[in-house]
Amino acid sequence: MKALLLVAHGSRRKQSNDEVIVIAEKLKQRCANDYDIVHAGFLELADTLIPDGIKHCVDDGATTITVL
């Protein structure tokens, strides 16, 4: 299964982090033919750091992960 991990820096502003989650949800819908799994991960300052995002993808069955 193919996964896409959308990566952003992360912000102290919750609203900014929430916007990244919304984008990931939109990508999940628009890229359903290309990716079975779509998650978001952050470099710092937000929940779901990059290593955790990768783990979520693997836990969901990903065999290939594209990090964007």
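These legends walk through several close-up views of a predicted model.

**View 1. The largest pocket and the residues around its centre.**
Let us start with the open space in this predicted structure: the largest pocket holds about 230 Å³. Its lining is made of 15 residues, and those closest to the centre are Asn17, Ile21, Phe42, Asp47 and Thr48. Two elements, α1 (14-30) and β2 (37-42), each give two or more residues to this lining. Helix α1 provides the largest share, with seven residues. Sorted by class, the lining is a mixture of seven nonpolar, three polar and five charged residues.

**View 2. Asp47, a pocket residue in a loop.**
Asp47 is one of the residues closest to the centre of the largest pocket. Where along the chain does Asp47 lie? Its place is the loop between β2 and α2. Asp47 has a relative accessibility of 69%, and it counts as exposed because the cut-off for that class is over 50%. For a sense of distance, look across to Asp36: the two residues are 11 apart in sequence, while their C-alpha atoms are 22 Å apart in space.

**View 3. Two positive phi angles in the loop between β2 and α2.**
Staying in this loop, we meet Leu45 and Thr48. Leu45 is not a glycine, yet its phi is positive, at about 70 degrees. Thr48, also a residue other than glycine, has a positive phi near 65 degrees. Are these two residues buried, partly exposed or exposed? Leu45 is partly exposed, with 39% relative accessibility, and Thr48 is partly exposed too, with a relative accessible area of 27%. Thr48 may look familiar from the first view, where it was listed among the residues closest to the pocket centre.

**View 4. A salt bridge between Lys14 and Asp18.**
How many salt bridges does the structure contain? The count comes to three, and this view shows one of them, joining the side chains of Asp18 and Lys14 with an N to O distance of 2.8 Å. Side chains of opposite charge can pair when their charged atoms come close. Here the spacing along the chain fits the picture: Lys14 and Asp18 are four residues apart in helix α1, so about one helical turn separates them. The two partners are not equally open to their surroundings by class, since Lys14 is exposed at 60% relative accessible area, whereas Asp18 is partly exposed at 32%.

**View 5. A second salt bridge in helix α1, between Glu25 and Lys28.**
Further along helix α1, Glu25 and Lys28 form a salt bridge of their own. Their closest N and O atoms are 3.5 Å apart. The two residues are three apart in the helix, and they are therefore separated by about one helical turn. Both partners are partly exposed: Glu25 has a relative accessible area of 38%, and Lys28 has one of 36%.

**View 6. A salt bridge in helix α2, between Lys55 and Asp59.**
Now we move to helix α2, which spans residues 50-59. Within this helix, Lys55 and Asp59 are four residues apart, about one turn. Their side chains meet in a salt bridge, with 2.8 Å from N to O. Lys55 counts as partly exposed, at 49% relative accessibility. Asp59 also gives us a reference point for the next view: its C-alpha atom is 15 Å from that of Tyr35, a residue 24 positions away in sequence.

**View 7. The charged end of Lys2 over the ring of Tyr35.**
What sits over the ring of Tyr35? The charged end of Lys2 does, at 5.4 Å from the ring centre. Tyr35 belongs to the loop between α1 and β2. Tyr35 counts as buried because its relative accessible area is 18%, and the cut-off for that class is under 20%. As for pairs of aromatic rings, the structure holds zero of them.

**View 8. Lys2 and Ile65, brought together from distant parts of the chain.**
Our last stop returns to Lys2 and adds Ile65, which is found in strand β3 (residues 64-67). Along the chain, Lys2 and Ile65 are 63 residues apart, yet their C-alpha atoms are separated by 6.0 Å. Ile65 itself is partly exposed, with 28% relative accessibility.

Definitions and conventions: Residues numbered from 1 in each chain as written. Predicted model: local features only at pLDDT ≥ 70, side-chain atom pairs only at ≥ 80, totals over all residues. Heavy atoms only, no water. 1 Å grid on protein atoms, 1.4 Å probe; cavity = no way out; pocket = protein on both sides within 12 Å on 5 of 7 lines; lining within 4 Å. Points joined across faces, edges and corners; volume = space filled by probe spheres on them. Nonpolar A, V, L, I, M, F, W, Y, C, P; charged D, E, K, R; others polar. Phe/Tyr/Trp six-rings, centres within 6.5 Å; stacked < 30°, edge-to-face > 60°. Lys NZ or Arg CZ within 6 Å of the ring centre and 35° of its normal. Salt bridge = Lys/Arg side-chain N within 4 Å of Asp/Glu carboxyl O. Buried < 20%, exposed > 50% of the residue type's maximum accessible area, 1.4 Å probe, protein only.
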